[in-house]
Amino acid sequence: MRLPRRQFLHLAAGATLLPAVSGTAWAQSYPSRPIRLIVGYPPGGSADLTARLMGQWLSERLGQSFVIENRAGAGTNIATEAVVRAAPDGYTLLLVAPANAINATLYEKLNFNFLRDVEPIAGIIRFPNAVVVNPSVPVKSIPELIAYAKANPGKLNMASSGNGSTIHMSGELFKMLTGINMVHVPYRGGALALTDLIAGQVQVMFDNVPTCAEHIKSGKLRGLAVTSTTRSDVLPDLPTVADFLPGYEASAWYGLAAPKGTSPEIVATLNKAVNAILADPAAKARFTEIGAILLPGSAADFGKLVADETEKWGKVVKFAGARVE
């Protein structure tokens with residue numbers, strides 16, 4: 001049973017409340033040992049990059065190590081369940097990604113209810129994907145891609161970082177709006193998919209801008225468009241998909257969450273640290289460099305984003321008939 005969206009937003013708002021008594025010995029002691037930040041993807045992709053940057057900066061700010069633990073598999077569900085089942089003591093955190101919102105509808109059965117079983121902490125960044133093709137594909141624009149796919153149904157293989165990832169669902173939304181037929185080829189992470197795309201084993205990908213931008217600039221891949229509603233500063237020459245498909249929008253985003261029952265004091269401490277990092281000029285510059293847009297705000301703000309994305313992608317999953325048992 002899914003938690004009603006209104007109830008989730010109410011709970012998320014409650015997570016921002018400060019303790020009635022501040023400055024206690026408990027509050028001063030957290031964190032007192034290393035913190036695990038679990039990522040549902042293998043090393044090398046944008047999720048791993050985001051986690052390692054934030055882990056380094058949080059460690060510097062809070063005075064404890066942040067150990068990045070990559071637990072790939074099952075569309076991030078292995079990592080998510082590990083966090084959901086962990087003690088709610090602030091020492092096991094999850095890098096939340098769009099897959100967490102998508103999986104609520106994509107999977108028939110899960111051993112957890114994401115909206116119910118986590119405490120949202122803070123948003124970090126969001127950024128568009130880019131529609132990229134291997135240079136051997138004879139298309140140079142979105143209209144040409146649509147025309148080629150319609151003339152060659154099932155010939156194009158569309159790589160993704162896994163079922164339910166934003167890369168996957170960006171492509172499914174594109175297929176839904178255009179009526180084209182591309183064969184979805186899921187990989188265990190974006191880095192593996194990108195390697196095969198460059199090698200020509202697959203032909204199309206809706207990859208995250210931070211991981212594909214340099215390959216576009218070097219000519220190893222051909223960029224056709226970005227999936228946001230505005231152009232990317234990193235790839236300013238690329239139009240948006242929405243220029244040709246009005247209403248199309250898909251973006252990746254990342255944030256932090258903890259197991260349900262984590263105290264408001266811990267949530268507040270972590271939220272404050274994340275927002276301080278996002279306000280730091282060095283962090284801003286680094287994220288701008290990879291084409292990211294910052295997501296500062298309260299725990300409730302991040303909770304609302306997750307709830308909104310769960311609703312949006314649920315409609316796409318149902319329309320496309322995508323399902324994972």
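**Exercise 1. Helix 3 and helix 12**

Which residues in helix 3 meet which residues in helix 12? Use the predicted model above, and work out how the two helices are oriented.

*Solution.* Begin with the contact itself. On the helix 3 side you should find Leu49, Leu53, Met54 and Trp57, and their partners in helix 12 are Ala283, Arg286 and Phe287. Sorted by class, this contact has six nonpolar residues, no polar ones and one charged residue.

Next, turn to the geometry. Two packed helices are described by the angle between their axes and the distance between the axes. Here the axes of helix 3 and helix 12 (residues 281-289) cross at roughly 170 degrees and come within 12 Å. Angles over 145 degrees count as roughly antiparallel, so helix 3 is roughly antiparallel to helix 12.

**Exercise 2. Helix 3 and helix 11**

Find the angle at which helix 3 and helix 11 pack, and then list the residues that meet.

*Solution.* Fit the axes first: helix 3 (residues 46-62) and helix 11 (residues 264-279) pack at about 110 degrees, and their axes are 10 Å apart. The range from 65 to 115 degrees counts as roughly perpendicular, and therefore these two helices are roughly perpendicular to each other. Their crossing is right-handed.

Now look at the side of each helix that takes part. Helix 3 brings Met54, Trp57, Leu58, Arg61 and Leu62, while helix 11 brings Thr269, Leu270, Ala273, Val274, Ala276 and Ile277. The classes are nine nonpolar, one polar and one charged.

To finish, compare lists with Exercise 1. Met54 and Trp57 meet helix 11, and Met54 and Trp57 also appear in the contact with helix 12.

**Exercise 3. The enclosed spaces**

How many cavities of 30 Å³ or more does the structure hold? Describe the largest and the second largest.

*Solution.* The count is three. Take the largest cavity first, with a volume of about 150 Å³. It is lined by 20 residues, and Tyr41, Ser46, Ser161, Asn208 and Tyr254 lie nearest its centre. Two or more lining residues come from each of helix 3, helix 5 (98-106), helix 8 (166-178), helix 9 (190-199) and strand 7 (204-208). By class, the lining has nine nonpolar, 10 polar and one charged residues.

The second largest cavity holds about 50 Å³ of space. Among the residues lining it are Val39, Tyr41, Ala47, Thr80, Leu94 and Asn100. Helix 4 (77-84) and strand 3 (92-96) each supply at least two residues of this lining. Its classes are seven nonpolar, four polar and no charged residues.

**Exercise 4. The second largest pocket**

Which element gives the largest share of the lining of the second largest pocket?

*Solution.* Start with the pocket's volume, about 230 Å³. Of its 16 lining residues, Pro128, Ser228, Thr230, Gly291 and Ile293 lie nearest the centre. Strand 4 (residues 118-133) gives the largest share, three residues. The lining divides into five nonpolar, seven polar and four charged residues.

**Exercise 5. Two backbone features**

Inspect the backbone at Pro31 and at Ala74, and place each residue in its loop.

*Solution.* Keep the background in mind: most residues other than glycine have a negative phi, and most peptide bonds are trans. Tyr30 and Pro31 are joined by a cis peptide bond, with omega about -5 degrees. Pro31 sits in the loop between helix 2 (25-29) and strand 1 (35-39).

Ala74 has a positive phi, near 55 degrees. Its place is in the loop between strand 2 (66-70) and helix 4.

How values were computed
Residues are numbered from 1 along each chain as its sequence is written. This is a predicted model: local features need pLDDT of at least 70, side-chain atom pairs count only at pLDDT 80 or more; totals for chains, interfaces and linings use all residues. Side-chain values use heavy atoms; hydrogens and water are left out. On a 1 Å grid over the protein atoms alone, a cavity is a set of points where a 1.4 Å probe fits but cannot get out, and a pocket is an open set with protein on both sides within 12 Å along at least five of seven lines; lining residues have an atom within 4 Å of a point. Grid points are joined across faces, edges and corners, and a volume is the space filled by probe spheres set on the points. Helices (H or I, at least four residues) and strands (E, at least two) are DSSP runs, numbered from the N terminus. Ala, Val, Leu, Ile, Met, Phe, Trp, Tyr, Cys and Pro count as nonpolar, Asp, Glu, Lys and Arg as charged, and the others, Gly among them, as polar. Axes are lines fitted to C-alpha atoms, for helices over the stretch in contact, and angles run from 0 to 180 degrees between N-to-C directions. Angles under 35 degrees count as roughly parallel, over 145 as roughly antiparallel, 65 to 115 as roughly perpendicular and the rest as oblique. A crossing is left-handed if the near helix is turned anticlockwise from the far one by less than a right angle, and right-handed if clockwise. Contact means heavy atoms within 4.5 Å.
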